[in-house]
Amino acid sequence: MAFVELFVVALVPVLKTLIITAVGLFLALERINLLGSTARHHLNNLVFYIFTPALVASSLAETVTSSNIVSLWFMPVNILLTFIIGSVLGWILVKITKTPVHLHGLVISCCSAGNLGNLLLIIIPAVCEEKNSPFGDSITCSTNGKAYASLSMAVGAVYIWTYIYNMIRASGSQHNNTSTQVPKLPPMDMDHESQLALPLIAYQTTHDHHQGHVVTKMKQHIKIWTQRIKFKMLFAPSTIATIVGILIGVSSLLRKLIIGNEAPLHVIDSSASMLGEAAIPAMTLIVGANLLKGLKKSEVGVWIVIGIQVIRYVALPLSGICVVKVARHFGLVGSDSLYQFVLLLQYALPSAMTIGTITQLFEVGESECSVIMLWNYALASVALTLWTTYYMWILS
């Protein structure tokens with residue numbers, strides 16, 4: 001297939017996302033004010049507690065079965081690799097650019113967490129439905145593509161609401177603590193004995209053993225970080241929905257009861273699907289509304305913004321090609337070109353929209369996130385389209 005034809009196929013779904021994003025930005029304007037800060041806050045809660053879990057559960061229950069879930073085992077590993085590679089590159093970026101401490105979590109999150117949910121659910125079906133699609137029959141392609149995109153969204157949601165959520169929360173808490181306390185005083189949540197012990201530890205570093213001081217400081221940092229991290233977010237609504245959706249999908253009894261037009265409890269699945277359909281437009285509108293802050297002011301360094309774009313649209317996609325080639329060489333991903341296309345695409349996506357939701361929940365780095373997302377999604381119209389076209393070209 002000609003490269004230009006593939007480019008057109010890849011461009012359409014990206015344009016759909018950008019149009020909805022532009023609508024969200026328009027609704028957030030002061031003259032319109034339909035998506036002001038209060039409205040966005042409530043909509044964020046609906047997305048977090050209702051829309052996204054419903055979308056995850058219904059999509060997985062309908063598309064994942066006991067037969068195909070085994071063949072998809074590499075996808076969670078692939079997504080984990082995108083987070084690991086992105087986190088390492090993001091950590092290098094914050095060290096090079098000397099990013100403020102309270103923004104470390106945000107920058108690393110934008111480098112590591114891609115938009116593994118709604119963009120794939122938009123792009124994959126749209127690519128399958130195009131006449132010149134390189135992935136064969138449109139019906140089979142759409143069915144398999146929805147399963148791949150649903151699993152990607154579910155796994156991505158688990159990683160984001162465990163790893164990314166706690167990282168932004170921890171860095172934000174650290175900033176709040178240091179900004180409200182006298183420097184070098186112990187954290188307020190330490191017990192009284194630990195606070196009294198700090199002067200003695202400082203004295204020992206001068207007159208006694210330096211090694212004991214290092215061990216003590218490590219214990220203090222471990223204690224502080226374990227107190228900051230909310231492990232209950234391991235069971236966020238999206239995580240629970242993932243478990244429920246997979247259980248329904250792989251269990252033949254539950255599947256017969258709930259999935260399908262003839263199922264006696266089909267109304268449950270159809271209701272969840274109806275609620276889930278609101279997740280993608282709602283999240284996209286929120287991103288568009290948040291971009292307004294990025295247009296008004298910029299408090300994040302230009303080199304940080306450039307570095308994030310280079311990582312997301314150059315370093316990660318190139319890393320993804322290497323990973324998928326190695327996996328294909330060792331027979332880990334099978335011969336399905338659509339499956340390989342989804343695996344490659346997971347490395348070339350813009351930053352996850354959920355990051356903006358998390359920064360709003362903790363009120364840390366909101367304007368900085370808006371600036372990053374503004375440039376991230378503006379460049380996505382070109383970068384994502386080019387990478388999508390290239391991936392289809394090498395797989396066709």
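This section describes the overall fold, the cysteines and a nonpolar surface patch of a predicted model.

The chain has 396 residues, of which 50% count as buried. Its secondary structure comprises 16 helices, whereas the number of strands is zero. Among the contacts in the chain with a separation of 6 or more, 85% are accounted for by residues that lie 24 or more positions apart. The accessible surface of the chain amounts to about 18,800 Å², and carbon and sulfur atoms contribute 67% of this area.

With respect to the cysteines, the count of disulfides in the model comes to one. This disulfide is formed by C128 and C141, whose sulfur atoms are placed 1.9 Å apart. The link of C128 and C141 is left-handed, with -60 degrees about the S-S bond. The pair links distant parts of the chain, with C128 in helix α5, which covers residues 118–129, and C141 in helix α6, which covers residues 138–180, the two cysteines being 13 residues apart. Both C128 and C141 are buried.

A further cysteine, C111, is not bonded in this way, because the closest cysteine sulfur, that of C110, is 6.9 Å from the sulfur of C111 and thus too far for a bond, given that a disulfide requires sulfur atoms within 2.5 Å. C111 has a relative accessible area of 0% and therefore counts as buried, the cut-off for this class being under 20%.

On the surface, a nonpolar patch of about 970 Å² is made by F235, I240, I243, V244, L247, L253, L254, L257, L265, V267 and I268. The elements that give two or more residues to this patch are α9 (237–250), α10 (252–258) and α11 (266–276). Of the contributing elements, α9 provides the largest share of the nonpolar patch, namely four residues. One of the patch residues, L257, has its place in helix α10. L257 counts as partly exposed because its relative accessibility is 32%, and this class lies between the limits of under 20% for buried and over 50% for exposed residues. The value of 32% for L257 also agrees with membership of the patch, since patches are made of residues with over 30% relative accessible area.

Technical notes: Residues numbered from 1 in each chain as written. Predicted model: local features only at pLDDT ≥ 70, side-chain atom pairs only at ≥ 80, totals over all residues. Heavy atoms only, no water. Patch = residues over 30% accessible without salt bridge, like charges linked within 9 Å, V, L, I, M, F, W, Y side chains within 5 Å. Areas by Shrake-Rupley, 256 points an atom, 1.4 Å probe, with all protein chains shown as cover. Salt bridge = Lys/Arg side-chain N within 4 Å of Asp/Glu carboxyl O. Buried < 20%, exposed > 50% of the residue type's maximum accessible area, 1.4 Å probe, protein only. Contact = heavy atoms within 4.5 Å.
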